[in-house]
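Colleague: I am new to this structure. Please take me through its pockets and one residue beside them.

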Amino acid sequence: MTTAIQLTPQDTVEQALELAAAQGAEGCVVLVAETSSANLRWANNTLTTNGAMRGTSVTVIATVGAGEGTAVGIVSRSSVTDATLREIVAAAVATARDAEPAEDARPLVDGTVGPGWDEEADETSVNVYEKFAPALGEVLGRAGQEGRWLYGFADHEVVTLYAGSSAGMRLRHSLPRGFVSATGKSGDLSQSAWAGAATRDFSDIDPHALDAELTRRLGWASRTVSVDAGRHPTILPPAAVADLTTYLFWTLDGRDAADGNSPFSKPGGGTRVGEVLSKQPVNLRSDPHLPGLETFPFAVARSSGGSSSVFDNGLTLTATDWIRGGKLENLMQSRFTADLTGAPAVTPTIDNYVLSVDGATGSVDDLVAGLDRGLLLTCLWYIRVVDPQTLLVTGLTRDGVYLVEGGEVTAAVNNFRFNESPIDLLDRFTAAGATVPSFSREWGDDFSRTATPPLLIPDFNMSTPSQAN
């Protein structure tokens, strides 16, 4: 009986490329992702579970034909051995032979061997919580003494990606990412509050500070009042701004805009690149090398569609302004869609963003101090698109909506369903704070490399009261 051999990522790439060539593929890209993760969970003031996991995924992208007749076949699997790799490559080549020519076909990105190609994959472990876990234990003990309940989840992962191609590309990049999401409840479970944060290594996460914020918010809820639906002056903290901005970010698709299917489509045809979206000096920018928000410095695409193309794998990413000074500067474009839409530059998707307002300083507390009467949100959830042409979205408030009176938070209020467009909000806000690293409650599990400011919206649309608690 033949024993299956677990290959190194580098061997997986090389063998897959050799197998694809032997089976007649004109081109091939192989992506191998080694993922190492560790997590902690706690509930009812007790640490419940912790664990570490490892996983491997392999994507083989084979092409047959040339020029406009190039077709592509894509197969992805996990836990690949030398035996199963043969099956994966064969399936990818067979799929390409049966496929119609790919509209986004382009020559594969030329490349060389990048730094660290021969290195092993990086790993994480529960040791990443060496300082976090003892502090968390102290916080859980204090909550029990004070009659509060704490629940939460902390996760850290390191993805090491190996990308190789028949065009000579050999790239390796290791990417750490972590986050903590914590909920506090009053002793009778009638009130809840949430706080979260993203990190690269947990060295900058202080459980005591998170608990202090949860305790403060539960204290605000010692008094509760009912507020009617309607348009209210509303402060969105950075987390809630990230909840909405991430949806906006994902709609910056050049193909959708050119096809008339997005809020960035120009009536009559074309895109709104160059148009002013906001009279405010607001900026939305991505950069793979942003300190603290670093991401892959080259394009990674396991499928084609919208603004991404498998033919662009390995394309170098550079800092990109999406919105600058309120004007739409760029949309996300592959080489194919840039040609299709007449865009002046190829601007692929980058897995981070920073939203900022020129000259804005201060914090959420500063915005509260300047508000005579209005609402302070915590976070949003269950966000869904109502009208893709205007990016009107709906959703619910969650884990704390508070009444502001005379520059102070005086009570908790009922939850609401809201209806708003993130694009409109960027034009309507009347005050902003400094941009800080943020963690979206709705999207942060998957997309956590964000930085946003707090915003004051003078007329945020709370469309109906919500019974959600």
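Modeller: Here are some questions and answers on a residue and two pockets.

Modeller: This is a predicted model, where local features need pLDDT of at least 70, side-chain atom pairs count only at pLDDT 80 or more, and totals for chains, interfaces and linings use all residues. Residues are numbered from 1 along each chain as its sequence is written, and side-chain values use heavy atoms, with hydrogens and water left out.

Colleague: Why is S438 called buried?

Modeller: Buried means under 20% relative accessible area, with a 1.4 Å probe and protein chains only. S438 has 5% relative accessibility, so it counts as buried.

Colleague: Which residues is S438 in contact with, leaving aside neighbours within four places in sequence?

Modeller: Contact means heavy atoms within 4.5 Å. On that basis S438 touches A198, P238, A239, A242, S448, T450, A451 and T452.

Colleague: What makes a space a pocket?

Modeller: On a 1 Å grid over the protein atoms alone, a pocket is an open set of points where a 1.4 Å probe fits, with protein on both sides within 12 Å along at least five of seven lines. Lining residues have an atom within 4 Å of a point.

Colleague: Which residues lie nearest the centre of the largest pocket?

Modeller: They are G196, A197, V436, P437 and S438, from a lining of 43 residues. The pocket holds about 990 Å³, a volume being the space filled by probe spheres set on the points.

Colleague: What is the volume of the second largest pocket?

Modeller: About 750 Å³. Of its 29 lining residues, V300, A301, S308, T349 and D351 are closest to the centre.

Definitions and conventions
Buried means under 20% relative accessible area, exposed over 50%, partly exposed in between (1.4 Å probe, protein chains only).
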